[in-house]
Each structure stands twice: as C-alpha cells, then as structure tokens.
Amino acid sequence: MQPGLAVVIVGNDSASQVYVANKEKACTELGMYSEKHALPEDTTEEELLALVDRLNNDPKIHGILVQLPLPKHLDDKLIINHILPEKDVDAFHPVNVGKIMIGDFDFVPCTPAGVMELIKESDVSVEGKECVVIGRSNIVGKPMSMLLLHQNGTVTICHSRTKDLKEVTKKADILVAAVGIPKFVKADMVKPGAVVIDVGMDRDENGKLCGDVDFAEVEPIAGAITPVPGGVGPMTIAMLMRNTLTAAKRAFGIND
Ligand code: NAP
C-alpha cells in the first residue's frame, strides 16, 4: 500500500518546472510513488485527455495533478474536469470546488490549505476576526475566503475593482495577499498587530523571488507575517502530499 501521485506538465514554463521538481522531491522523501509526465508544448487536447484517462484507471495512482498554466491551445477547464474527483488532489474539479463551498470536503486546494495550517500552528484564532483576502482567483482567493468563513471569520474579498483598498485592508486582523504584484502591500495598508500572510510568488526589480507584501516595511508593524521565500510556498507542497495520502487512504478503504 503505497500512495501514488502523477504530475503532468506540458511545455517549458520555467516556474512550473521548478514546482514540479519540488513536488517529485517531496514524494520521494515521504516514500510515496510518483510519476512525472513531461509532454511537449504542442501536445493536443486528445493526447492529454488520453493520458488523464490512463491515470484515472491506474490503481498505482491515487492523485493526479496537471500543472497549470497549460499552453494557450489547451482548455484548462476541460482537462481538469476529466480528472476523477477522487484523484483530483489539487481540488480544482467542480465537484471538489462545490464540496468546499458547502464545507464537506476531502481535498482542500493546497495553497489555501497551507495558509490555514500556518494560522492553526501559530495559535491564531480565526473566529470573529476581520479577515481580508486580496485576490479572487479560483486557485487561491476564492477557496481561501471559504476556508476562513468555515472557521467563522468575517471575510471580505478584494480585487482589482475594489474601491479604497487601503481602507478595507486596514481593518483586517488577518490579511491574506494573493495578488501577483511584487511588494504590493505596504505598511500603510496594514493594521498594527495584524497577521499578514503572503501567498505571492513574484520577482522583484532584480529578478529575485519576493512576495506580494513589502516585507521590510510591513514586518515591523505586523503581529505575525510569513516570508517569501519560505512561508506559504513549502506549505502548498505539504498539503499536496496530505491530499495524496487522503486519496490513497480512501482508495484502500482506510478511514481516519
Ligand atoms: P491571479 O489569478 O492573477 O489573481 C490575482 C488576483 O489579484 C485577481 O483576483 C485580481 O483581481 C487581484 N488584483 C490584481 N491587481 C489588483 C489590485 N491592484 N488591487 C487589488 N486586487 C488586485 O493570481 P493567483 O493565481 O491567485 O496567484 C496570486 C499570487 O499567488 C501570485 O503571485 C502567484 O504566483 C502566487 N501563488 C503562490 C502559490 C504558492 O504555492 N505559494 C500558489 C499559487 C499562486 P481581478 O480578479 O479583478 O482581476
């Protein structure tokens, strides 16, 4: 009984190559079985769907992850919808998204799950807190907001059309930045003592990895803050491993 993860990557996106390598390394370290399927940029939808079919039917494989973004000629939604929900360890399939909405889920999207784990392990209570999430993507912002809501936070979701963003973020006891703009969150956007969680994986003006939060400015006033690199990134991989283990346990009929 060995949990197995298949990671599918299409094309040559350099950031995706790094993420996939880190996921494979984590599997090896934990003694999980892993398979990497690296497909060329010009892979057709039919070829990719055929691979997903094969992995859906492979008993060695309990989790399937298709690394996003896919090249433009491939339809993300079509491919993700083809993964069996019980093997969808990224929790992007509509069935799993719906389960998160109603609060009855096996898999949680890895990045928001990692944020919740950081909050829990830091003994921060979400209940009754003002939680502000900057970003409303399907991968991070929306599921992040649902998880905070399930923990009884009072949640506000901000995006590019939000008016007076600073006025909203300054009210946050827990502020999650998932914007994709380097050092976007400045000290004057943060309430003193707030818990600041930086999901961003950006490059600064020198090409160095940084987050969505201006760490040097915000760290002195925050009650707690996550760094980039470190912080949320490694937690995302840990949560992927947890989801794969959960999928394997379900397949082996093991209940917690
Ligand atoms: P995304 O799909 O591009 O979404 C960005 C969100 O930010 C959108 O909702 C957008 O609003 C909002 N936004 C953009 N400019 C804004 C502004 N000026 N004011 C307020 N909101 C603004 O990005 P994503 O996939 O959620 O990723 C966000 C960041 O997290 C990126 O840096 C990404 O690399 C990183 N990330 C990290 C991990 C990890 O493992 N640590 C995993 C996934 C992503 P609209 O909806 O109005 O456009």
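1. Let me start with a cysteine. Cys 158 has a relative accessible area of 1%, so this residue is buried, the cut-off being under 20%. Please keep in mind throughout that we are looking at a predicted model.

2. Next, the sulfur chemistry. How many disulfides does a search of the whole structure find? The count is 0. Cys 158 accordingly takes part in no disulfide, and the nearest cysteine sulfur belongs to Cys 131, 12 Å away. A disulfide would need the two sulfur atoms within 2.5 Å. Cys 210 is another buried residue, because its relative accessibility is 7%.

3. Now to Thr 43, which is worth a look in your viewer. This threonine sits in the loop between β2 (33–39) and α2 (45–56). Is Thr 43 buried or exposed? Its relative accessibility is 4%, so it counts as buried.

4. What does the Thr 43 side chain reach at 2.5 Å? The partner is the backbone oxygen of Pro 40. Leaving aside residues up to four places away in sequence, Thr 43 touches Val 10, Leu 48, His 73 and Leu 74.

5. Finally, the surface. Met 1 lies in the segment before β1 (4–10). With 78% relative accessibility, Met 1 counts as exposed, because the class begins over 50%. Together with Phe 252 and Ile 254, Met 1 makes a nonpolar surface patch of about 320 Å².

Terms used
Residues are numbered from 1 along each chain as its sequence is written. This is a predicted model: local features need pLDDT of at least 70, side-chain atom pairs count only at pLDDT 80 or more; totals for chains, interfaces and linings use all residues. Side-chain values use heavy atoms; hydrogens and water are left out. Patches are made of residues with over 30% relative accessible area and no salt bridge: like charges are joined within 9 Å, nonpolar side chains (Val, Leu, Ile, Met, Phe, Trp, Tyr) within 5 Å. Accessible areas come from the Shrake-Rupley method with a 1.4 Å probe; for residues, only the protein chains shown count as cover. A salt bridge is a side-chain nitrogen of Lys or Arg within 4 Å of a carboxyl oxygen of Asp or Glu. Helices (H or I, at least four residues) and strands (E, at least two) are DSSP runs, numbered from the N terminus. Buried means under 20% relative accessible area, exposed over 50%, partly exposed in between (1.4 Å probe, protein chains only). A polar contact is a pair of N or O atoms within 3.5 Å; within protein, one must be able to donate a hydrogen and the other to accept it, and residues adjacent in sequence count only if both atoms are side-chain atoms. Contact means heavy atoms within 4.5 Å.
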